[in-house]
Amino acid sequence: MQPESRASEHGSAYILVLLVLVVLSLIGVAVVFVSQTEMEIGSNERGIQRIFYAAESGVALASARVLVSNDHRPIVFDLREPGSGVNLRHVIELAPVVPIYDAPCNLCEINNAGTYQEKAYRKINNAITVEATRTAGRNGRELGTRTVASMLELQPWKSPVEAYLAIGDESQLAKIRK
């Protein structure tokens, strides 16, 4: 026979174990939600970085086009991301590379008196603006956009007349000012 004090405690261990299980279950569910949120944040961060690097590669591409072929014209690249099952694409729009500062190349030996009298080679600062957009799906749902602007100084350099045409075109200047 049990004493009276023990009889009132009969079944309390069961309730205590149930309370501990409920608390541990709630902690487990909270950890699952936090982990899921962290994974979504990481995925979004990776997407943002990809958009940024696409825009940065556009700046490098615009610089290379100017250096290799002296091509200042705007161009749009539409690139598919390989291995993506959801049709991920990057659209990289290069605004025209515009010479914004044109001065005599005072450090260039070829401009010394008697070498080249026409002084055709100059020090030229160019403005480069690139906008990269990442899209997904067949309908092209926009996931994000990033605009990167840069300056490129070239000396000694000789820019073609076509490079200066964007200065007089307000629609082209709007792309550069983004």
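The residues lining the largest pocket of this predicted model divide into three nonpolar, five polar and four charged. Here a pocket is an open set of points on a 1 Å grid over the protein atoms alone where a 1.4 Å probe fits, with protein on both sides within 12 Å along at least five of seven lines, and lining residues have an atom within 4 Å of a point. The pocket holds about 230 Å³ of space. Its lining comprises S43, N44, R46, G47, I48, R50, I51, R134, L143, G144, T145 and R146. Seven of these residues, the largest share, come from α2.

Residues are numbered from 1 along each chain as its sequence is written. Local features need pLDDT of at least 70, side-chain atom pairs count only at pLDDT 80 or more, and totals for chains, interfaces and linings use all residues, while side-chain values use heavy atoms, with hydrogens and water left out.

The largest nonpolar core (buried Ala, Val, Leu, Ile, Met, Phe, Trp, Tyr and Cys residues joined through side-chain atoms within 4.5 Å; buried meaning under 20% relative accessible area, exposed over 50% and partly exposed in between, with a 1.4 Å probe and protein chains only) contains 17 residues, and V66, I92, I128, V130 and A132 have the most contacts inside it. At least two core residues are supplied by each of α2 (12-69), β2 (89-94), β4 (122-136) and β5 (141-157), helices (H or I, at least four residues) and strands (E, at least two) being DSSP runs numbered from the N terminus. A second, separate core of six residues includes A95, V98, A127 and A166.

Methods. Grid points are joined across faces, edges and corners, and a volume is the space filled by probe spheres set on the points. Ala, Val, Leu, Ile, Met, Phe, Trp, Tyr, Cys and Pro count as nonpolar, Asp, Glu, Lys and Arg as charged, and the others, Gly among them, as polar.
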